[in-house]
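Grab a pencil and have a look at the model below. Try each exercise yourself before you read its solution.

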Amino acid sequence: MLVKYEFLKILRKKSTLIVMAISLILTGVLFGLPIMQFQTYNQDGVIKGSQGIAYEKEQYEKFSVPLTEEYVTETIKEVQALFENPDNVGYDGNEKFLIGDAYWNGIAPREKLLNMIASTYSAPNEFKAYNDLADLDITDGANFYQAMESKNEALLNTPSRALTDNQKEYWSNKASNIDTPLQYGYYEGWDIIISSFELLMFAILAICIVIAPVFSGEYQSGTDAVILSAKYGKTKLTTGKIVASLLFGTIAFALHILVACGLPLMAFGTDGWNLPLQIANTTVPYSLTFLQAVLINIGIIYLILIAMISLTLLLSAKMKTPYLVLIVLVPILFIPMFLTPNGTTGIYNLILFLMPYRATMPEFGKYISYQFGGLVLDALTVRAILYVLLMVIMLPLARLGFKKHQVA
């Protein structure tokens, strides 16, 4: 009953409804922008919005195939054959590219696929696109998966990454679990979700704004004296406030996730949920489908949210007004937004990747690892452990802080 009372107390405030409404609208706008701004091209010009999405999906249907060595080899041969005809080739002074019908019929419908194939043969920090396939030696076949493995090894051995032997072994073992041949297909909706996760920081902030007065609001209104002098004021009621806050945060987060994921998937479809991440970037070492990747990162963001609610409750129990809580909380959430990592190793970078804003980004292709003696863990695992620990530490402190509050 106390949990229900405290939950309704949070829910019925006008400020709660206003903040949540603004937050949900903002989430809808931010995750809806890729839909509104989407455009693709064909020989007749630009195609926007839903028509553009339908056109692109139709093009992908022709190339939703397993990327076998034979298929990749044949695809590269087709591109090379197009470049052999001088009438098909343009030159801008730096590189050759296809023009006219050769481009629009032979390249444009599958340009993303061709660029992905070409990038697999590039060296670390080198960009290759479909036109680089013209000079690729495939006398003995494409050897696509050998090139994919070689590039991953080259990335691990890049001096700037400064990876230890244990870390290299960890990532090599992880990459060895990737199933081949890769299945290619349409995955636009899932790609948009994965690349936009950091936008959920505004939802986390909104939930924390609502939670901020849970304890400090009692101090501000003077009801703390009544609550703390009641029979269960320092025990069950305090626990009820914490449980109600976590319950509210969970429900509010679920609504935001429904909007954030629902809009792209409604517009672009759920196609690609079972496809491997490697079709977007062959250097990704995780053996995950797009759906698995999305669910894992949503789980981590949820843990970040719970830890931030725990911090908010701790600050609320220690500070006299909700405004002071937010003065401390907002910089913690948003200062990392303006900090940029200069690599994937070093204390500065490793700490930055664990801060709330950066931790919402999955960083699937960056080989970020944390080593503790002989134990190596990836960033996703360390984030999950860290935010669970923060929650376990801060919730009891918040409860204790309110119990020991001295009434003025």
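Here are three short exercises with worked solutions.

This is a predicted model, where local features need pLDDT of at least 70, side-chain atom pairs count only at pLDDT 80 or more, and totals for chains, interfaces and linings use all residues. Residues are numbered from 1 along each chain as its sequence is written, and side-chain values use heavy atoms, with hydrogens and water left out.

**Exercise 1.** Work out where serine 196 lies and whether it is buried or exposed.

Step 1: Find the loop between α9 (188-194) and α10 (201-211); that's where serine 196 lies. Helices here are DSSP runs (H or I, at least four residues), numbered from the N terminus.
Step 2: Serine 196 has 9% relative accessibility, so it counts as buried (under 20% relative accessible area, with a 1.4 Å probe and protein chains only; exposed is over 50%, partly exposed in between).
Step 3: Now follow its side chain, which reaches the backbone oxygen of isoleucine 192 at 2.7 Å.

**Exercise 2.** Do the same for valine 388: which helix holds it, and how accessible is it?

Step 1: Valine 388 sits in helix α18, residues 379-403.
Step 2: Its relative accessibility is 32%, so valine 388 counts as partly exposed.
Step 3: Leucine 303 is 85 residues away from valine 388 in sequence, yet their C-alpha atoms are 6.5 Å apart in space.

**Exercise 3.** Find the angle at which α6 and α7 pack.

Step 1: Helix α6 (residues 111-120) and helix α7 (residues 144-156) pack at about 60 degrees, and their axes are 8 Å apart. Axes are lines fitted to C-alpha atoms over the stretch in contact, and angles run from 0 to 180 degrees between N-to-C directions.
Step 2: That's why α6 and α7 are oblique to each other (not under 35, over 145 or 65 to 115 degrees, which count as roughly parallel, roughly antiparallel and roughly perpendicular).

Note on methods
Helix = DSSP H or I, 4+ residues; strand = E, 2+ residues; numbered from the N terminus. Polar contact = N/O pair within 3.5 Å; in protein donor to acceptor, adjacent residues only side chain to side chain.
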